[in-house]
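User: Please give a close account of one part of this model, together with what surrounds it. A formal, connected description would be appreciated.

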Amino acid sequence: MRDAPQELLPAFDPQFRGATRGPRAACLLATRRAEDIHGLPRGLLTAIALSESGLHAHALSIRGTPHYPADLDEARQLLRQARGSVMAGCMQVNARVHARGEDWPLDPFTAADWAGGVLARWARENNGSWTEALRRWHGASPGNTRSLVCRVRAKLEVTNPGSDLFQSTRCPEATAQRLRNDAEAHLQTAEAQAGRRGVASAAAGF
């Protein structure tokens, strides 16, 4: 996995970052754009972000405790002060391993572009297997792959209804319904924050 996200970033209109009106909107627009740029299955990166951070651009997990700062300044302060393990931002990037004193994981556009490029490369390296790419992203052992895939699959059923990705994996329906309900709530918040224009722009690969 590359530590320098700039190596994967395509150019885009810098005004797009200012079009968002909330941390979940920013994460949603970023993941949808990255899916298009990097050729990921529609809805996959958004589903992963829902699973990782609840689609929240400023989310932090500090020593396993979740935090949802109200704004970027608060998130940066928490990140600077944190001790121990920290997963940061929309995609919950390991800040201690991949950011090393920087705060780029809190920029959802940078984090989503980086994650999209990494996932796409891992899928190519594994004969197009998005299951293996997802396992590597999460650092899961082979024994934990099924539960991980089931969690993301439930979110994907909300971000791209009708997708046949991961359909070969058998998942418990009771757990899946709870995960879908959670995903629907966060997605509705993000779409409301973004507004129709912002969501349409992201879907078009703005």
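Analyst: In helix H6 (residues 130-138), the buried residues are Trp130, Ala133, Leu134, Arg135 and Trp137. Here, buried denotes a relative accessible area under 20%, exposed one over 50%, and partly exposed a value in between, with a 1.4 Å probe and protein chains only. Helices (H or I, at least four residues) and strands (E, at least two) are DSSP runs, numbered from the N terminus. The model is predicted, so local features need pLDDT of at least 70 and side-chain atom pairs count only at pLDDT 80 or more, whereas totals for chains, interfaces and linings use all residues. Residues are numbered from 1 along each chain as its sequence is written, and side-chain values use heavy atoms, with hydrogens and water left out.

The cover over the buried residues of H6 includes helix H2 (44-53), helix H5 (108-125) and helix H7 (145-159); contact here means heavy atoms within 4.5 Å. Just after H6, Gly139 adopts a positive phi of about 70°.

H6 also takes part in the largest pocket, being among the elements that give two or more residues to its lining. This pocket has a volume of about 370 Å³. A pocket is an open set of points on a 1 Å grid over the protein atoms alone, where a 1.4 Å probe fits, with protein on both sides within 12 Å along at least five of seven lines; lining residues have an atom within 4 Å of a point. Grid points are joined across faces, edges and corners, and the volume is the space filled by probe spheres set on the points. Of the 24 lining residues, Glu52, Met87, Met91, Gln92 and His138 are the closest to the centre of the pocket. Besides H6, two or more residues each come from H2, strand S1 (60-62), strand S2 (65-67), strand S4 (93-94) and helix H8 (173-203). H2 provides the largest share, 4 residues. The lining comprises 11 nonpolar, 10 polar and 3 charged residues, where Ala, Val, Leu, Ile, Met, Phe, Trp, Tyr, Cys and Pro count as nonpolar, Asp, Glu, Lys and Arg as charged, and the others, Gly among them, as polar.

Gln92 lies in the loop between S3 and S4. Gln92 is buried at 9% relative accessible area, and its phi is near 50°, a positive value in a residue other than glycine. Most residues other than glycine have a negative phi. Leu55, in the loop between H2 and S1, likewise has a positive phi, of about 65°, and is buried at 0%. His58 is found in that loop and is buried at 11%; its contacts include His67, Asp71 and Leu106.

The loop of Gln92 also holds Cys90, which is linked to Cys27 in helix H1 (residues 23-38), 63 residues apart. Their sulfur atoms are 1.9 Å apart, a disulfide being a pair of cysteine sulfur atoms within 2.5 Å. This link is right-handed, with 65° about the S-S bond. Cys27 is buried at 0%, and Cys90 is buried at 0%.

H7, part of the cover of H6, carries its own disulfide, as Cys150 is joined to Cys171 with S to S 2.1 Å. The torsion of about -90° makes this disulfide left-handed. Cys171 lies in the loop between H7 and H8, 21 residues from Cys150. Cys150 is buried at 10%, whereas Cys171 is partly exposed at 24%.

How values were computed
Lists of a residue's contacts leave out its neighbours within four places in sequence.
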